[in-house]
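Student: Could you take me through one part of this model in detail, and then show me what else is worth a look? I would like the reasoning along with the values.

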Amino acid sequence: PAAAIRRASARLAEHRAGLPALVLALAGHRLGEEALEKLGRIRGSAGASDMSLAGELERSEEEEELSGWLEDIGVDRAWEMAATLVESGVTVDDLTDLSGLVPRSAMGDAIAWLSGGIESDRLVSEINTAAGRVSELVTSVKTYSQMDRSREHKPTDVRAGLDNTLTMMGHELRQKQIRVIRDYHDDVPMVPANEGELNQVWTNLIDNAIDALSEGGTLTLRVRTSDEWLEVEVVDDGPGIPDEIQHQVFEPFFTTKDVGVGTGLGLGIAQLIVRTHEGHIEVRSRPGATVMCVRLPVVRTSPVGETDTATEDSAT
C-alpha cells in the first residue's frame, strides 16, 4: 500500500503540472455553457459504471471502439485516453453527445481535459484506498503482535487471530492466486491463551501451506469444537508430505524446502507453543490434502505464569 501511495502521488503530481495548460487550451475555445455543463456531467458520472472489474475481452473491445472513434475525429494519444475513459465507464455515446455541442477543432482539448480530470480523480481515490489499507495493516500488526497487552493468558478468539494472520500474509496469497476457504463454526468458545503466541503458530502453519501450494491452489481453515477441545485445521491441497518423513516434520531444522529457503524451525516452534498451552498438534497428509490440526483445551488444567520459554524460543 505504501508503494501504491508513492506511485499514485507521483502520477498525480504529473497530472497537476499539466492541468493549467489544459485549462487554458480549453478556455481558448470559448465553449458555450451547455457544452461546459455536458463536460462536467460526464466527468461527474465517471466511475458510476466502473469497467475496472469487467472481463479483459469486454474491456479490450470497448477500448478499441472508443480509440477508433477518437482517432477519427483527430484526437492525439487516442489509445491512452480511451483506456482511462473506458475504465471509468465513459462510452462512445457519451462523447458523441458531447461532439454535438463542441466544435471539432476543440474536441481534442476537451477530451484531454476530461481524461486528465478523470485520471486525477482516480489517483486520489487510489491514494485514499491505499491509505486505508495501511491503517488496516497497522491495526492487524498491532493485534498480531499484541504490543500493548500483557503476556498472560486471556480468553482468546482464535478465529480473529486466523483472520489477522491472513491479512498479514495477503500479498503471498494474492501472488499465488490462492483461494481461501474459512470454515468456522458459529459456536466456537474462547480459549485461555496468549494471542500473540498463537498467532505465531497460525503464521507458521499458513506459511508452510502457502509454500506447498501451486498457483491457484486452495487453503482451507477450519475451526470447531470436539468434547473439551477446540480444533483448528489448516488444510492445503498441495502434493502432500511423503509417509516416510511425516514423523520428522516437527523436528528442529528438518525441512523439505530448498537449501537457503527454510530453516526447519517453524513447525517445531508451533509445536512448542501449542504444548505450553496444554494442547497438541498433529499432521495428516496425502496427495491433495495435508492437514495440520491444532487442539487446544477449552478449560486449562494448570495455572500459567506470565513468562515461559516458548516466547523466548519463538522469538529466537
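Tutor: Happy to! Let's begin with helix α9, residues 195–212 of this predicted model. With 18 residues at 1.5 Å a residue, α9 should span 26 Å, and its end C-alpha atoms are indeed 26 Å apart, so expectation and model agree. As for its surroundings, 13 of the 18 residues of α9 are buried, which means that the helix is largely enclosed by the rest of the structure. Where α9 starts, Asn194 places a side-chain oxygen within 3.1 Å of the backbone nitrogen of Gly196.

Next, the second largest pocket. Its volume is about 350 Å³, and 17 residues line it. Nearest the centre of this pocket lie His15, Leu22, Ala112, Ser115 and Gly116. Three helices, α1 (2–27), α4 (78–87) and α6 (104–145), each contribute at least two residues to the lining. By residue class, the lining of the second largest pocket comprises seven polar, six charged and four nonpolar residues.

One of those helices deserves another glance: α4 is also where Val86 is found. Val86 has a relative accessible area of 3%, and because buried means under 20%, Val86 counts as buried. You can also relate Val86 to Glu61: these residues are 25 apart along the chain, and their C-alpha atoms are separated by 10.0 Å.

Methods: Residues are numbered from 1 along each chain as its sequence is written. This is a predicted model: local features need pLDDT of at least 70, side-chain atom pairs count only at pLDDT 80 or more; totals for chains, interfaces and linings use all residues. Side-chain values use heavy atoms; hydrogens and water are left out. Helices (H or I, at least four residues) and strands (E, at least two) are DSSP runs, numbered from the N terminus. The expected span of a helix is 1.5 Å times one less than its number of residues. Buried means under 20% relative accessible area, exposed over 50%, partly exposed in between (1.4 Å probe, protein chains only). A polar contact is a pair of N or O atoms within 3.5 Å; within protein, one must be able to donate a hydrogen and the other to accept it, and residues adjacent in sequence count only if both atoms are side-chain atoms. On a 1 Å grid over the protein atoms alone, a cavity is a set of points where a 1.4 Å probe fits but cannot get out, and a pocket is an open set with protein on both sides within 12 Å along at least five of seven lines; lining residues have an atom within 4 Å of a point. Grid points are joined across faces, edges and corners, and a volume is the space filled by probe spheres set on the points. Ala, Val, Leu, Ile, Met, Phe, Trp, Tyr, Cys and Pro count as nonpolar, Asp, Glu, Lys and Arg as charged, and the others, Gly among them, as polar.
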